[in-house]
Amino acid sequence: MQTRGAIIRQAPGKYEVVDLEIDDPRENEVQVQMVASGLCHSDDHMATGDMTPGIFPFAGGHEGAGIVTKAGVNGKGLKEGDHVVFSFLPACGHCRWCASGMQNLCDLGATLLSGARWGDPTDFRVKLADGGQPVGQMCGISTFLQTTTVSADSAVKVPDDIPLDKACLVGCGVGTGWGSAVNAAQVQPGHTVIVMGIGGIGINAVQGAAHAGASNIIAVDPVAFKREKAQELGATHAVESMDEATELARQFTNGQGADSAIVTVGVTTSEHVAQAFGAIRKAGTAVVTGLGDMTEANLPISIAELTLFQKRLQGAMFGMSNPNWDILRQLQLYRDGVLKLDELVTKTYSLDEIAQGYQDMHDGKNIRGVIIY
């Protein structure tokens, strides 16, 4: 069928909206009419070249929700009319990682940026309408399409009464940030936590740290609007720089340092990681969730400090979440009034306004922009 979607033709490049042809679902696939898609920084990384897709053109978007319009035979029992949230990380349910409770590390994730279906680098489900050139799908889903065809491994059925324009956020940003605090940093009651970078991920790390019972949550961002938003959603303090945050953490801990520092900067560098590492106490944890230049491999940290102070440097993919369970759990927390989603959406856009949405993100105007279809 024909649809429209936002693609990039090169990197560096900008998203443009074009006509596309999309295949009907096969076995273990569903076709979904999109309701909403978050404008996540990871899709911008594809446009800037920090992350490299396996093919151009490439259709972006990986944080979305919609309604199933067609369904192939699938093990999840998904059918026409079901409301679904996409997990940007598929979960097969039977590889070593899924079987041991680490769905976020499922082996299907190995080819997420290839643009093709898992296991077949030549199988592209989307094509340009004018000529049939194959188009890659971001994370196998491409939520910047009005209608998309995806693997059932990437879809989680959610209750019909949950508003999909808010539920879309738990498919990436909410789970990644919340889990970075709760799962990766293992925040405990009474802890002092630094969250470095208050965007769509960092704001949810603030929420997660508050939910876990941290006494001091220090949000770090140079943008005043983002510092204010962090305090509305659980931060006890908000400062412009890591120097200020590190000093505050030491004041709260008799000079020891923060129990954990979570790096959620939009374009993360090795220097950001070093600052977080230097801000934590003995046996503290520095969590690295943000992405930047994927070729960079030079962390300026002290090996002696790592060893002798028994510090922990922890990566966090999707906040160490198990999407088939955690997406539903987070939506229940939203229902209960514990997890705030409405407050995360700064501004909504049409698909044709996607370039403006990303410009607003770069200008520091949004916590999260959302495309409404």
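Let me start with A283. This alanine counts as partly exposed, at 40% relative accessibility. A283 belongs to strand 15, which covers residues 280-288. Its phi is near 60°, a positive value in a residue that is not a glycine. For background, most residues other than glycine have a negative phi, and most peptide bonds are trans. Please keep in mind that this is a predicted model.

There is another residue of this kind, M320. Its phi is positive as well, about 55°, and M320 is not a glycine either. Where does M320 lie? It sits in the loop between strand 16, residues 312-315, and helix 10, residues 323-335. M320 is partly exposed, with a relative accessible area of 30%.

Next, the peptide bonds. The bond from A11 to P12 is cis, and its omega is near 0°. P12 is in the loop that links strand 1 and strand 2. The bond from F56 to P57 is also cis, with omega near -5°. P57 is in the loop between helix 1 and strand 4.

Those loops bring us to strand 1. Five of the seven residues in strand 1 are buried, so the strand is mostly covered. Strand 1 pairs with strand 2, residues 16-22, in the antiparallel sense, and six bridges join them. If you want one position to look at, Q2 stands opposite E21 in strand 2. Strand 1 also runs antiparallel to strand 4, with two bridges between them. There, I8 has F58 of strand 4 as its bridge partner. As a reminder, strands of a sheet pair through backbone hydrogen bonds, either parallel or antiparallel.

Now the wider picture. In what order do the five strands close into a barrel? The order is 1-2-7-8-4, and the pairing is mixed. Strand 1 is therefore a member of this barrel, as are strand 2 and strand 4.

On to helix 1, residues 41-48. Is it mostly covered or mostly open? Mostly covered: seven of its eight residues are buried. The buried ones are H41, S42, D43, D44, H45, M46 and A47. Against what do they pack? Their partners are strand 1 (2-8), strand 4 (58-59), helix 11 (354-362) and strand 18 (368-372). So strand 1 and strand 4, which pair with each other, both take part in the packing of helix 1. Just after the helix comes G49, with a positive phi of about 100°.

Last, the cysteines. How many disulfides are there? The count is zero. C40 is in no disulfide, and the nearest cysteine sulfur, that of C172, is 3.9 Å away. A disulfide needs the two sulfur atoms within 2.5 Å, which is why a distance of 3.9 Å does not count. C40 is buried, at 3% relative accessibility. C106 gives a similar case: the closest cysteine sulfur, in C92, is 3.7 Å from its own, too far for a bond. C106 is buried too, with 5% relative accessibility.

To recap, A283 and M320 have positive phi values, and the bonds leading into P12 and P57 are cis. Helix 1 is mostly covered, five strands close into a barrel, and the count of disulfides is zero.

Technical notes: Residues numbered from 1 in each chain as written. Predicted model: local features only at pLDDT ≥ 70, side-chain atom pairs only at ≥ 80, totals over all residues. Heavy atoms only, no water. Buried < 20%, exposed > 50% of the residue type's maximum accessible area, 1.4 Å probe, protein only. Helix = DSSP H or I, 4+ residues; strand = E, 2+ residues; numbered from the N terminus. Contact = heavy atoms within 4.5 Å.
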